[in-house]
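This report describes one protein chain, moving from its overall build to single helices and residues.

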Amino acid sequence: MTTREARISRDTLETQITVSVNLDGTGQSKFDTGVPFLDHMIDQIARHGLIDLDIKANGDLHIDAHHTVEDIGITLGQAFNKAVGDKKGIYRYGHAYVPLDEALSRVVIDFSGRPGLEYHVDYTRASVGGFDVDLFREFFQGFVNHAGVSLHIDNIRGFNTHHQAETIFKAFGRALRMALERDPRMAGQMPSTKGCL
Ligand SMILES: [Mn+2]
């Protein structure tokens, strides 16, 4: 069984980012992004997705975290797209509901090859620990555009913003894991009647 790994570097005048991903990992993660709350959230993807992640980012944080967060989403999407390869034998669809105390989120993903984001989240506060939570939409839009996935994110309830965000990222990790797992009954076939994704 081949290991699905990729390493992508992306340089612009605003950010320099390197992402390494192993979809068949154990949840090991290493971050050096300068945005601690984002690190805490992406850590949930690694842990609950059993995906190894190593992310280094050097962004224009003297302006704000916008470019860095968006570009990490883009680079992570590119790394996933490369690592997942031809998608033969995977479940393709994944979904998860994750609670954290009062908060509950649902994430549904399809490795369709077509980018699409439905993002339905009303944060009760605009920021957590100095992090503007509206940037999470930019993160997911960047990921979706470059991973080529349909992604539906709904925060169903919650009043603590940290909990709202954390349930989204945990559910995202779980949904990724389900979608990317190899289905033994598929026996390496393409999970599409089109023959390609
Ligand atoms: Mn937390």
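## Surface and overall build

The protein exposes about 9,300 Å², of which carbon and sulfur atoms supply 48%. The model is predicted. Buried residues account for 54% of the 197 residues in the protein.

The secondary structure consists of 4 helices and 10 strands. Their order along the sequence is β-β-β-α-β-α-β-β-β-β-β-α-β-α. The protein is as compact as a globular protein of its length, because its radius of gyration of 16 Å is close to the 16 Å that the globule rule gives for 197 residues. Along the principal axes, the C-alpha trace spans about 50 × 40 × 30 Å.

Of the contacts between residues at least 6 apart in sequence, 76% join residues at least 24 apart. The protein carries 21 positive and 26 negative charges, and the mean positions of the two sets are 9 Å apart.

## Helices α2 and α3

Helix α2 has 19 residues, which at 1.5 Å a residue should span 27 Å; the end C-alpha atoms of α2 are 27 Å apart, in agreement with that value. Of these 19 residues, 14 are buried, so α2 is largely enclosed by the rest of the structure. Gly 85, just after α2, takes a positive phi of about 65°.

Helix α3 covers residues 135-147, 13 residues in total, and reaches 18 Å from its first C-alpha to its last, close to the 18 Å expected at 1.5 Å a residue. Its buried residues are Leu 135, Phe 136, Phe 139, Phe 140, Gly 142, Phe 143, Val 144 and Ala 147. What do the buried residues of α3 pack against? Their partners include the helices α1 (36-49), α2 (66-84) and α4 (161-180). The strands β7 (116-120), β9 (131-132) and β10 (150-157) are also packed against by the buried residues of α3. Just after α3 comes Gly 148, with a positive phi of about 70°.

## Positive phi outside glycine

Asp 101 has a positive phi, near 50°, in a residue other than glycine. Its position is the loop between β5 (93-100) and β6 (103-110). Asp 101 is exposed, with a relative accessible area of 66%.

Ala 187 is not a glycine either, and its phi is positive at about 45°. This residue is found in the segment after α4. The relative accessible area of Ala 187 is 63%, and the residue is exposed.

## Three residues and their surroundings

Glu 5, Val 21 and Lys 88 are taken up in turn, beginning with a table of C-alpha distances to a second residue.

| Residue pair | Separation in sequence | C-alpha to C-alpha distance |
|---|---|---|
| Glu 5 and Leu 23 | 18 residues | 6.3 Å |
| Lys 88 and Pro 191 | 103 residues | 6.7 Å |
| Val 21 and Gln 141 | 120 residues | 19 Å |

Glu 5 belongs to strand β1 (residues 5-11). At 51% relative accessibility, Glu 5 counts as exposed, since the cut-off for that class is over 50%. Apart from neighbours within four places in sequence, Glu 5 is in contact with Val 21, Asn 22 and Ala 83.

Is Val 21 buried or exposed? Val 21 is buried, with a relative accessible area of 3%, and its place is in strand β2 (residues 15-22). Not counting residues up to four places away in sequence, Val 21 touches Arg 4, Glu 5, Ala 6, Ile 51, Asp 52, Leu 53, Ala 79, Phe 80 and Ala 83. Among these, Ala 79, Phe 80 and Ala 83 fall within the range of α2, residues 66-84. The contact with Ala 83 therefore appears for Val 21 and for Glu 5, with Glu 5 and Val 21 also touching one another.

Where is Lys 88 placed? Lys 88 lies in the loop between α2 and β5. With 46% relative accessibility, Lys 88 counts as partly exposed. Beyond neighbours within four places in sequence, Lys 88 is in contact with Gly 188, Gln 189, Met 190 and Pro 191.

Notes: Residues are numbered from 1 along each chain as its sequence is written. This is a predicted model: local features need pLDDT of at least 70, side-chain atom pairs count only at pLDDT 80 or more; totals for chains, interfaces and linings use all residues. Side-chain values use heavy atoms; hydrogens and water are left out. Helices (H or I, at least four residues) and strands (E, at least two) are DSSP runs, numbered from the N terminus. The radius of gyration is taken over C-alpha atoms; the globule rule is 2.2 Å times the number of residues to the power 0.38. Buried means under 20% relative accessible area, exposed over 50%, partly exposed in between (1.4 Å probe, protein chains only). Contact means heavy atoms within 4.5 Å. Accessible areas come from the Shrake-Rupley method with a 1.4 Å probe; for residues, only the protein chains shown count as cover. Lys and Arg count as positive and Asp and Glu as negative; His and the chain ends are not counted. The place of a charge is taken as NZ of Lys, CZ of Arg, CG of Asp or CD of Glu. The expected span of a helix is 1.5 Å times one less than its number of residues.
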